[in-house]
Amino acid sequence: MNSTFSAFTLLAQYDRWRRLGDGLRGSGSRSDLSDLLPFFIVLGLVCAGIAVAVQIYKRRDFSKPCDDPQKLLRQLCAVHHLNYSSQRLLVRMATALELPHPAVLFVTPSAFSASELPAQLSKEAEQIRQLGKQLF
Amino acid sequence: MTAPLQTTFEVLSTSRNDAAVPVLISALQSEENAIYQSALKALVARRNRAGHFALVSRWHELSEEHRELVREGRGKMSAALRDGILSDDGQTFNNSCELVEEFGEFDLISTLITLAENKTHKHSSHATILVTRLANRLSEMVHGHRDKRDRRNPSIIRRRILESLEQSVQRFRTHNRSELIEAFVVLGGSSSGLLRAIIEDPRHACYLTVIHALSTSDGSAVVELLLGFLKSDHVSQASLTIISKRSDKAFVEQLLQFVGNDPPRKLKRNLARIRSFAWLQAVDWNIEQLDEADQERCAVLLSASGLEQDQLLETLERLLKQGQPLGRVAACQALTTLKGDGPGRLVREALADPDPGVQAAATRQLREHRVTDSLGLLLKLVDSPHKLVRDAACESLDEFSLENYLKQFDELKEDTRQSNGKLVAKIDQDFVGKLSAELESPSRKNRLRAIEVAEATGMVKPMSEALIDRLADKDHLVRAAAADVLQLCPTAEVQQALRQATLDRSPAVQNAARIALAAFAGLKLPIDATGALES
């Protein structure tokens, strides 16, 4: 740990570190790639962070042309201020009602009436009713 | 519609995510009108082929209110309509055809042509009909009958469509669809080189079809093409034959307007090559039904044509007897070109026409057609109550001029001088002017003769001013003759002038003036009267 820290310090003061070997025979031209490993690890982490940020940005960016049903669902949930649990519930409803796409629920008010609910959603009936009220 | 639902449809309308389209299509199954209507609007607004296709395939189910919403998509739904036309489903095909026609989607004509050419396809006949209708409509648009809201340039569209139709003409032997050739004719008009080439080539596979289309189509392009033939320098007899065989009233009216009242020489030359007109024997209408101006043009056109004399005479007689005034006048004028007894008989009959214009036209032709006792008739017509007729009679009696009268004057007996002179004074429209000029002639003999003429023709009164001027003539014989003749015009002005003349240096003039004044005294004229005194 201490040696890693020293290596960083030395990396930061590269000119001095290079001069440490001055006067010692053969030591000036020898370099070990393993010494750069920490540098590459950090670089990898930064790239991964950027990639994640880009993905998150893309997920939330609804201005680009696409044909993505999941994204449409997220877009609709976003404009109606629905939380993740409501979104999950809509997906479950769509599956139970055998709808081709959960977003169809946004234009199907009858799907939210208690009488139309399939048995497996009876526990969430109240939550579904509230959701229907919010969407229509 | 509630605010949340409105928000949902705003997203579904504007989202760039095409996954919204199947959602909207499923909303078309909703029984709630607000949702159904919003889904329709959103699908129209989204430029998505599948979404538009869903609308096209449901068109027949839509109410008028909903159709109005779909009509907003005019001009944006071409791709979906093309899919609909190529669809195997009969209802979708019919819906697409209806919309293509309603929206005027001319770009789809090439697709329709392909379908029409394939006679084995179940929608081939319907596609053919639609091509014909669209071609007619485009032709009307090119020739001015266009919807102001439609900003498309019909000439550019026409050029593009014409290319497709010309290719179809080349494939005529394969598909044998005469309707497509007719559509080509309707749209081609005078600018199509291929159409002109076909008309000139009787061996062309499409020749008969093209001729049939030209003989029956009332499309503006066809009419324009046919009328254009009449203006060209080298028009084939086949083209003129087509014109002569057209008998529909709409075409004839356009032909008459094109020819006008005074056709140019080139047009007359081409018209002279037409020896018959089918419309003269039309069963559903006759020339008496043309409006007045067209009847006039009809007479002009027929007289310029190469129509047989008997047929021309018969038609002009029909116009003269049953036409309207302008038509009758033109028919009467057209008789000039004819020879024989027939025209003379018609001219004689036209003198009894109630319209002065017709009488005048007939009057001008009395001598030309050697009508019996034309001179006697003309002399009677000089006294017609209608100025037009009087003028026409005077024109025809041009030998009754002052010049001719003066030439013969010295040889005529007194009574002939008077009778002929009165006729000349009546017929020669510028008698007074010309005689006044003669009174100022440098020749004394001429001046003296002019004074005698004024007396013989009874024109002293209208000539009084010029005669008073002669009281100051340099020649005492002229002055004396003027004083003598002025006694026939007892006006205060003349009386005053004669009083002056009594002081003339010539005793002969003084004497003549006194005699004239004495004659006035016998009439007991007021000495200082200033107004005109009637005898």
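What percentage of the 136 residues of chain A count as buried? In this predicted model, the figure is 14%. Let's start with that chain and then move over to a helix in chain B.

Chain A is built from six helices and has zero strands. If you trace it along the sequence, you'll meet the pattern α-α-α-α-α-α. How do its parts touch one another? Take the contacts in chain A between residues at least 6 apart in sequence: 41% of these join residues at least 24 apart.

Before you zoom in, check the confidence. The average pLDDT of chain A is 83, and 77% of its residues score at least 70. Helix α4 of chain A (residues 69-79) has the highest mean pLDDT among the chain's elements, at 94, while helix α1 of chain A (residues 2-12) has the lowest, at 52. Where pLDDT is low, the predicted coordinates should not be read in detail.

Now hop over to chain B and find helix α20, residues 309-322. At 1.5 Å a residue, its 14 residues should span 20 Å, and the C-alpha atoms at its ends are indeed 20 Å apart, so the two agree. Which residues of α20(B) are buried? They are L312(B), T315(B), L316(B), L319(B) and L320(B). These residues cover an arc of only 140 degrees around the axis, which puts them on the same side of α20(B). Their spacing fits a simple rule: an α-helix has 3.6 residues a turn, so residues three or four places apart point the same way. And what does that side meet? The buried residues of α20(B) pack against three neighbours in chain B: α19 (292-304), α21 (325-334) and α22 (341-350).

Methods:
Residues numbered from 1 in each chain as written. Chains lettered and ligands numbered in written order. Predicted model: local features only at pLDDT ≥ 70, side-chain atom pairs only at ≥ 80, totals over all residues. Helix = DSSP H or I, 4+ residues; strand = E, 2+ residues; numbered from the N terminus. Expected span 1.5 Å × (residues − 1). Buried ≥ 20, exposed ≤ 12 C-beta atoms within 10 Å, placed from the backbone. Arc of directions from axis to C-beta. Contact = placed C-beta atoms within 7 Å. pLDDT = per-residue confidence, 0-100.
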